[in-house]
Amino acid sequence: MGTHETAGGRPTRSTRRTFLTASAAATAATVAAPLTATPAAADTVTPPGPGHPVRPQPPDRELTALLREIDRDRIEATVRRLAAFGTRHTLSSQTDPVRGIGAARDWIHAQLAGYAAASGGRMTVELQSYVQPPASRIPTPTTITNVVATLRGDTAPNRVYVITGHYDSRCTDVMDAVSDAPGADDDASGVAVVMELARVMATRRTEATIVFAAVAGEEQNLYGSTYLAGQLKAAGVDCHGMFSNDIVGSSTADDGTRDPRSVRLFAEGVPTAETPAEASVRQSVGGENDSPSRQLARFVSDVAENGATGMRVRVIYRRDRYLRGSDHISFLREGWPAGRFTEPNEDFAHQHQDVRVVDGVQYGDLPEFCDFDYITRVALVNGATLWSLAQAPGTPKGVTVVTTNLTNDTTLRWQRGAEPDLAGYEVVWRETTAPEWQKVLPVGDVTEVTIDLSKDNVFFGVRAVDRAGHRSPVAFPKPGS
């Protein structure tokens with residue numbers, strides 16, 4: 001059975017036969033925008049069954065205009081200015097006006113405050129500080145300060161998306177707060193992406209809230225992002241997604257090969273914050289490849305792999321690289337979906353290295369080894385993602401697949417979102433061996449649907465659609481009644 005509400009709010013019912021025979025035609029007007037993008041090559045062969053092939057979500061006119069404003073020269077200037085502070089080590093001077101993390105902090109704050117001034121009061125900027133007691137890589141009590149710009153959404157302000165880059169840096173010795181540590185790639189590049197997106201979005205209205213944060217203490221142990229995530233949690237924020245941009249400055253590997261048109265996105269499978277009860281459910285029904293972070297990564301591919309960005313998003317099914325970890329982990333620990341953007345290949349001579357020349361080889365994380373055109377394209381990927389998230393409905397909540405009896409069909413239920421422009425919902429499904437969603441079935445403005453396809457044989461998901469055709473990330477159902 002399908003349940004929906006009339007314009008007056010009174011629930012109505014529709015029969016399963018009606019849904020199975022006429023749903024596509026009946027919901028065409030409800031889900032306004034068609035899926036018109038060209039399918040990827042991997043999607044040209046789809047399994048038999050209800051629905052039609054999943055298509056990417058193309059950028060609309062407003063997003064295309066926004067992406068055109070992302071300025072390559074500003075991004076380069078930001079990277080070079082941050083590198084010019086000499087070192088931004090977390091333990092470096094916080095009072096020297098020209099060198100150290102304090103000078104970098106104040107410069108970032110001034111820039112973001114300037115962007116906020118053009119926002120009509122929608123963007124606010126703060127220095128979010130706390131004193132970190134002695135701990136790993138923190139020998140004495142140390143003030144950790146995040147620079148946070150918040151662009152408040154108009155209609156769903158408590159639904160929040162977060163983007164970070166870390167503005168601290170390091171050299172070979174992680175405890176050396178004196179030597180030069182320009183940190184151009186790691187991670188002035190990520191901070192430049194965050195700041196440029198804050199600039200271009202400050203003058204625009206979004207439905208949800210976006211937090212643009214330059215965090216500190218990452219190299220010492222993710223201190224700044226841990227504090228930021230904790231503060232958001234304590235404030236009751238509903239964080240629907242977070243991205244760390246960390247080492248997004250170069251397309252050249254240590255052997256000289258280049259890959260200027262792809263960016264890696266690390267996305268975990270089994271959630272970091274999974275409880276024993278949740279693990280038991282996952283083990284019984286599957287879903288190792290269907291964590292909220294994986295759904296967020298699939299969304300990124302849908303909205304950011306197109307001609308407007310010129311980029312391929314290479315999703316990596318891991319939380320992060322070997323021996324490394326970035327600020328998205330702080331959000332994963334709070335139970336929120338998150339991922340890490342990073343360059344496709346790395347040259348470790350230009351990460352975590354003292355600035356020096358050995359046998360004619362230049363070491364150190366210097367701006368001369370950055371590819372500013374590449375950083376700009378990474379900013380386009382982030383911009384397409386954040387804008388699409390903030391303008392779409394939120395990821396559906398309370399999605400369940402009914403498992404109280406043995407049937408050869410599938411009944412899904414969910415909670416209706418509160419967005420004023422919500423048009424309805426789509427059910428997506430795929431073979432259990434397929435990495436991406438393969439078929440989509442528009443079901444209209446309902447909160448329950450039964451589909452003539454066995455839940456035992458495929459994976460299902462539900463996503464929301466607004467009247468402009470913006471689609472949310474997919475929610476993977478939990479067993480229920």
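Here is a chat about how some labels for this predicted model are earned.

Colleague: Let's start with strand β7. What makes β7, residues 208-215, largely enclosed by the rest of the structure?

Modeller: Buried means under 20% relative accessible area. Eight of the eight residues of β7 are buried, so the strand is largely enclosed by the rest of the structure.

Colleague: Which strands pair with β7, and in what sense?

Modeller: Strand β5 (residues 142-151) pairs with β7 in the antiparallel sense, over five bridges. Strand β6 (residues 156-166) pairs with β7 in the parallel sense, over eight bridges. Two strands count as paired if there are at least two bridges between them, so five bridges and eight bridges both qualify.

Colleague: Which residues stand opposite each other there?

Modeller: On the β5 side, valine 147 is opposite alanine 214 of β7. On the β6 side, histidine 166 has valine 215 of β7 as its bridge partner, and threonine 164 faces alanine 213. To get from β6 to β7, the chain goes through helix α5 (residues 184-201), and this β-α-β crossover is right-handed.

Colleague: What is odd about the peptide bond between aspartate 186 and aspartate 187?

Modeller: That bond is cis, with omega at about 10°. Aspartate 187 lies in helix α5, the helix of the crossover from β6 to β7.

Colleague: What is the strand order in the open sheet of eight strands?

Modeller: The order is β4-β5-β7-β6-β8-β11-β9-β10, and the pairing is mixed. The edge strands are β4 (123-132) and β10 (312-316), each pairing on one side only. From one strand to the next, the twist averages 25°.

Colleague: Now the loops. Why is glycine 307 called exposed?

Modeller: Exposed means over 50%, and glycine 307 has a relative accessible area of 78%, so the label fits. Glycine 307 sits in the loop between α9 (292-304) and β10. From C-alpha to C-alpha, glycine 307 and glutamate 288 are 31 Å apart in space, and 19 residues apart in sequence.

Colleague: And why is arginine 137 called partly exposed?

Modeller: Partly exposed covers values between 20% and 50%. Arginine 137 has a relative accessible area of 36%, so it falls in that range. You'll find arginine 137 in the loop between β4 and β5. Its phi is near 65°, a positive value in a residue other than glycine.

Colleague: Is isoleucine 247 buried or exposed?

Modeller: Buried: the cut-off is under 20%, and isoleucine 247 has 1% relative accessibility, so it counts as buried. Isoleucine 247 is in the loop between β8 (238-245) and β9 (262-266). Isoleucine 247 also has a positive phi, about 65°, although it is not a glycine.

Colleague: How do you know that helix α2 and helix α11 are in contact?

Modeller: Contact means heavy atoms within 4.5 Å. From α2 (residues 61-68), the contact is made by Glu62, Leu63, Leu66 and Leu67, and from α11 by Leu380, Gly383, Ala384, Trp387, Ser388 and Gln391. By type, the residues of this contact divide into six nonpolar, three polar and one charged. The axes of α2 and α11 (residues 372-391) come within 10 Å and cross at roughly 145°, and the crossing is right-handed.

Colleague: What makes β19, residues 458-466, largely enclosed?

Modeller: Each residue has to be under 20% to count as buried. Nine of the nine residues of β19 are buried, so the strand is largely enclosed by the rest of the structure. Val458, Phe460, Val462, Ala464 and Asp466 point one way, Phe459, Gly461, Arg463 and Val465 the other, and all are buried.

Colleague: Why is β19 called an edge strand?

Modeller: The open sheet has the order β3-β17-β16-β19, with antiparallel pairing. β3 (52-53) and β19 each have a single partner strand, so one side of each is left without a neighbour in the sheet. Strand β16 (residues 422-431) pairs with β19 over nine bridges, in the antiparallel sense. Glycine 424 has valine 465 of β19 as its bridge partner, and arginine 430 has phenylalanine 459.

Terms used: Residues numbered from 1 in each chain as written. Predicted model: local features only at pLDDT ≥ 70, side-chain atom pairs only at ≥ 80, totals over all residues. Heavy atoms only, no water. Buried < 20%, exposed > 50% of the residue type's maximum accessible area, 1.4 Å probe, protein only. Helix = DSSP H or I, 4+ residues; strand = E, 2+ residues; numbered from the N terminus. Right-handed = clockwise from strand over helix to strand, strands pointing away. Axes fitted to C-alpha atoms, helices over the stretch in contact; angles between N-to-C directions. Left-handed = near helix turned anticlockwise from the far one by under 90°. Nonpolar A, V, L, I, M, F, W, Y, C, P; charged D, E, K, R; others polar.
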